[in-house]
Amino acid sequence: MTHTGTVSAVRPQRIGARSDFVQRYSTLVVLVLVFVVFALTVDRFLTAQNLLNIAQQISMLTIVGVGLTFGFAAREMDLSVGFTVGLTGILVPLLLINGVAAPLAFLAGLGAGLVVGLVNAGLVTAMGIPSLIATLAVGSILLGINFLLTGGRAIYGGLPEGYLWLGQGRVGGVPILAFFMIGAVAVAWFVMERTIFGRYIYAVGGNQKAAELSGVKVRFYRAASLVVCSLFAALAGILLAARLGSGQPNAGERYLLDGLATVFIGMTMLRPGTATILGTFFGALFIGIVNNGLNLLGMDTYVQAIVKGVIILIAVAIVSRTTKLTLL
Amino acid sequence: MDIRFDGITMEFPGTLALDGVSVDFRTDEVHGLIGENGAGKSTLVSILGGSLAPTGGRITIDGREVRMGSPREALAEGVAHVSQEGSLVPGLTGAENILLGAEPRRAGVIAARRLRTEAAALVARWFPEVALDLGQPVNLLPMAERKIVEIVRALRGDVRLLILDEPTATLPAREKSQLWQIIRSLPARGVGVVLISHFLSEIKALSDRITVLRDGQLIATGAADRFSEAELVDLMLRRASGEGPAADAGRRREAGAVAMRVADWRTGRIHVPAFEIRAGEIVGLIGLTGSGHFGFARSLYAPAGVTCGACEIGGRAVALGRAATLRDAGVALVPDHRMENALIGEWDLRENLAMVHPEHAALGAGILSRRREEAEAGRVMQLLAVKAHSSRQRLTTLSGGNKQKIAIGKWIYGAAGRYRVMIFIEPTEGVDVGTKSEIYAEMRRLADQGVAILIASSDLIEIETVADRVVPFHQLMTGPEIARPQFSEANFIAAMSGTAA
């Protein structure tokens with residue numbers, strides 16, 4: 001190995017305290033501002049009922065986003081999550097309707113997620129296919145399977161009450177889904193921030209070469225990040241069907257792009273450039289608040305889509321001035 | 001044409017890459033440019049090629065002062081640069097690469113047939129003796145022919161001076177002669193060549209004149225037949241008088257038991273018949289760039305692709321199977337280029353230190369205790385005298401020397417002395433003088449605790465300062481070892497150029 005041109009221009013990197021704050025918290029400040037503006041201008045926005053609605057609306061999105069965060073932290077992208085959501089959102093209702101006991105059906109759903117994750121991980125780490133491509137192809141395959149399983153029709157009728165309660169019920173006014181979301185965020189945060197597993201996922205994403213030379217089993221952690229990603233998507237799918245009261249072959253698709261959006265917004269805050277669990281959670285909250293506020297104002301979903309796009313661009317633009325955002 | 005550099009200086013923040021270099025380049029010669037890594041060769045040709053603007057000095061062409069602020073401006077003056085990495089577009093054919101950006105068009109569409117004939121005409125004009133298949137995608141061509149395609153493209157304009165940066169570095173030996181002939185033929189065709197290569201034999205064979213750079217200064221320039229290879233090595237490496245080794249970092253003890261022994265060790269084209277290192281000793285590996293000392297040192301930690309006759313650590317035979325075998329047996333590596341190979345810039349010091357042995361601060365089940373992490377990180381930082389206000393500081397806020405201490409500290413954090421062989425590659429690159437001696441003292445301290453220390457370095461003064469004995473590399477093989485009483489720059493240089501008695 002030769003290294004010519006060893007002129008290492010040591011640029012003094014003194015980032016002032018103020019710009020550091022701007023970098024880390026600007027997106028959160030904007031989030032709070034948006035919240036305040038809605039609270040002051042939109043009638044039914046600042047009510048306990050509505051805030052709980054927001055929590056319910058973003059719960060599946062957050063769970064998918066949390067899974068994607070594991071992938072991004074290790075610099076792996078999973079484009080199959082939306083179809084994994086769809087797969088388990090079909091499989092579990094299908095099993096339940098056919099009389100399979102609920103615990104078994106849930107395990108089968110998570111097992112399907114595990115299989116998808118292992119396939120993704122195998123393609124990426126054993127065969128060396130970039131995750132972007134491997135998961136795109138797997139997503140396409142899953143889409144086909146989803147339609148084959150359902151014949152393109154929704155699966156509904158005869159779903160057990162208990163299952164529907166998971167997606168639609170409340171305890172003391174708080175949606176059950178919100179508990180799942182909080183649980184997923186809490187567990188994922190703990191794993192990423194407080195365990196060796198999480199530390200090594202970040203190490204692989206932060207500097208793969210250094211991780212490898214430090215003895216980190218890079219391939220294992222890259223694979224694990226993809227498996228975790230699929231597992232969270234599988235959970236979201238199970239909950240989604242319960243919320244909708246039916247299994248629909250294309251219900252999961254929007255979770256891919258929205259899920260990626262939560263991670264991107266999250267990467268603009270707290271530790272700019274790095275995907276973090278809390279960042280993703282706030283990213284989902286951001287999208288949820290904006291959608292909800294615009295809804296109450298009677299705006300079309302098209303307008304919501306435009307606003308969402310603009311928010312992502314502004315958040316990323318602020319951070320890109322000082323931090324280089326690299327995804328893969 | 002005569003391009004003259006007059007007192008050219010290039011200052012980067014904290015580094016003087018070129019220090020008042022005066023040299024001239026002509027169109028009727030091959031001008032060899034040599035020097036070890038960091039000597040300033042790349043900076044010099046970057047200025048010549050217009051991609052760097054010097055911070056001082058003048059450039060004149062035939063007496064007329066010029067400013068070459070970009071590669072385009074340099075090209076307008078007749079200077080073209082063929083970089084080391086190669087700049088061909090892999091999927092395109094030779095013809096398409098040769099005329100890249102200057103394709104003949106008809107009605108806005110590339111005229112494919114004319115492109116073929118024009119490219120073929122260019123090749124025939126410059127190198128009629130060469131038969132190139134210009135219809136092949138370049139990635140399917142032999143390496144030498146790819147280089148020729150690149151050279152022809154560079155010669156497309158009205159070029160009088162061609163910079164070739166390590167043109168044969170990636171070439172298999174049997175393809176070199178073809179490229180050598182091409183290079184030799186250029187001055188007769190009115191194009192001067194500035195040739196950078198770390199193969200001294202190649203420089204000797206091809207150049208009319210040779211210029212030697214060291215630490216940003218021009219050391220010698222003159223007709224090629226004036227220098228022998230040994231003299232060139234000497235010029236590249238010898239320090240100015242008075243710049244002797246630093247004070248001995250500590251007393252020396254008798255070396256202990258053999259810590260690591262390998263026999264018939266092969267990695268890539270490097271072959272080491274036998275090597276051993278004992279507990280408590282510091283062994284230096286020296287060699288010219290590309291002579292194999294770095295590759296050998298690295299392979300002792302990461303033995304991917306190594307075959308060996310025997311490998312023993314601490315008297316026990318080790319089978320090279322998994323990548324982690326040697327680390328598990330107690331070998332540590334502090335690699336060169338620490339920001340690429342050892343550290344994570346956005347992490348804080350504690351997280352970086354805990355990269356190898358995070359389990360030290362785990363409460364069980366892989367759950368990390370911040371308190372324990374900070375305590376251990378604090379201990380290591382105090383031991384190594386890292387200048388930082390807390391272990392929660394971001395790594396990028398540290399100076400080069402303190403970053404290097406963190407890279408070393410990774411193997412002390414939570415290691416509880418399990419590493420009996422520590423390998424350092426270029427341990428003080430980009431480290432200030434004061435911190436250098438602290439790092440040497442730390443190596444000595446580790447050696448005194450019974451660790452075997454191996455240092456591969458291109459800094460001969462460093463080797464002279466800390467090593468107990470030296471194993472020189474020459475042409476991918478080990479030479480006869482040099483014991484401390486025989487340490488001298490002259491002896492090192494002789495061994496590195498293969499001219500030792």
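Student: Which residue stands opposite B:Ile313 in E16(B)?

Tutor: In this predicted model, B:Met260 stands opposite B:Ile313 in E16(B). To read such a pair, look next at the strands that carry the partners: strand E13 (residues 258-267) of chain B is joined to strand E16 by four bridges, and the two run antiparallel.

Student: How do the side chains of strand E16 (residues 310-313) of chain B alternate, and which are buried?

Tutor: The idea is to sort the residues of a strand by the face to which they point, and then to ask about burial on each face. In E16 of chain B, B:Cys311 and B:Ile313 point to one face and are buried, while B:Ala310 and B:Glu312 point to the other face and are not buried.

Student: What does E16(B) pair with in the antiparallel sense over two bridges?

Tutor: That partner is strand E17 (residues 316-317) of chain B, and within this pairing B:Glu312 stands opposite B:Ala317. The hairpin of E16(B) and E17(B) has two residues between the strands, and there B:Gly314 takes a positive phi near 60°.

Student: Where else should I look for a positive phi, for instance after H1(B)?

Tutor: Helix H1 of chain B is followed by B:Gly50, whose phi is positive, near 85°. The helix itself, residues 41-48, has eight of its eight residues buried, so it is largely enclosed by the rest of the structure; among these buried residues are B:Lys41, B:Ser42 and B:Thr43, as well as B:Leu44 and B:Val45.

Student: How many residues of strand E3 (residues 30-34) of chain B are buried?

Tutor: Here one counts along the strand and then checks both faces. Five of the five residues of E3(B) are buried, and the strand is therefore largely enclosed by the rest of the structure. B:Val30, B:Gly32 and B:Ile34 point one way, B:His31 and B:Leu33 point the other way, and all are buried, in contrast to E16(B), where B:Ala310 and B:Glu312 are not.

Student: Which strands are joined to E3(B) by bridges?

Tutor: Four bridges join E3(B) to E10(B) in the parallel sense, with B:His31 having B:Val194 as its bridge partner. Four bridges also join E3(B) to strand E11 (residues 209-214) of chain B, again running parallel, and there the bridge partner of B:Gly32 is B:Ile210.

Student: What is joined to E10(B), residues 192-196, by five bridges?

Tutor: That is E9(B), which runs parallel to E10(B), and the bridge partner of B:Leu162 in E10(B) is B:Val193. E9(B) is also joined to E6(B) by four bridges, in parallel, where B:Val79 has B:Leu161 as its bridge partner. Because five of the five residues of strand E9 (residues 161-165) are buried, this strand is largely enclosed by the rest of the structure. B:Leu161, B:Ile163 and B:Asp165 point one way and B:Leu162 and B:Leu164 the other.

Student: What kind of unit do E9(B), helix H6 and E10(B) make?

Tutor: To read a crossover, follow the path from one strand over the helix to the next strand. E9(B), helix H6 (residues 173-185) and E10(B) make a right-handed β-α-β unit.

Student: Where is B:Ser87 found?

Tutor: B:Ser87 is found in the loop between strand E6 (79-82) and helix H3 (94-98) of chain B. With 13 other C-beta atoms within 10 Å, B:Ser87 is partly exposed. Its C-alpha atom is separated by 7.4 Å from that of B:Glu150, although the two residues are 63 residues apart along the chain.

Student: How is chain B divided into domains?

Tutor: Chain B is divided into domain 1 (2-93 + 121-237), domain 2 (249-330 + 419-501) and domain 3 (345-416). The contact between domain 1 and domain 2 takes eight residues from domain 1 and nine residues from domain 2, and on the side of domain 1 these divide into three nonpolar, two polar and three charged.

Student: What radius of gyration does chain B have, and what would a compact globule have?

Tutor: With 501 residues, a compact globule would have a radius of gyration near 23 Å, and chain B has 26 Å, which agrees. Along its principal axes the C-alpha trace spans about 75 × 50 × 50 Å, and buried residues make up 47% of the 501 residues.

Definitions and conventions: Residues numbered from 1 in each chain as written. Chains lettered and ligands numbered in written order. Predicted model: local features only at pLDDT ≥ 70, side-chain atom pairs only at ≥ 80, totals over all residues. Rg over C-alpha atoms; globule rule 2.2 N^0.38 Å. Buried ≥ 20, exposed ≤ 12 C-beta atoms within 10 Å, placed from the backbone. Pairing = 2+ DSSP bridges. Right-handed = clockwise from strand over helix to strand, strands pointing away. Domains from an automatic or database assignment. Contact = placed C-beta atoms within 7 Å. Nonpolar A, V, L, I, M, F, W, Y, C, P; charged D, E, K, R; others polar.
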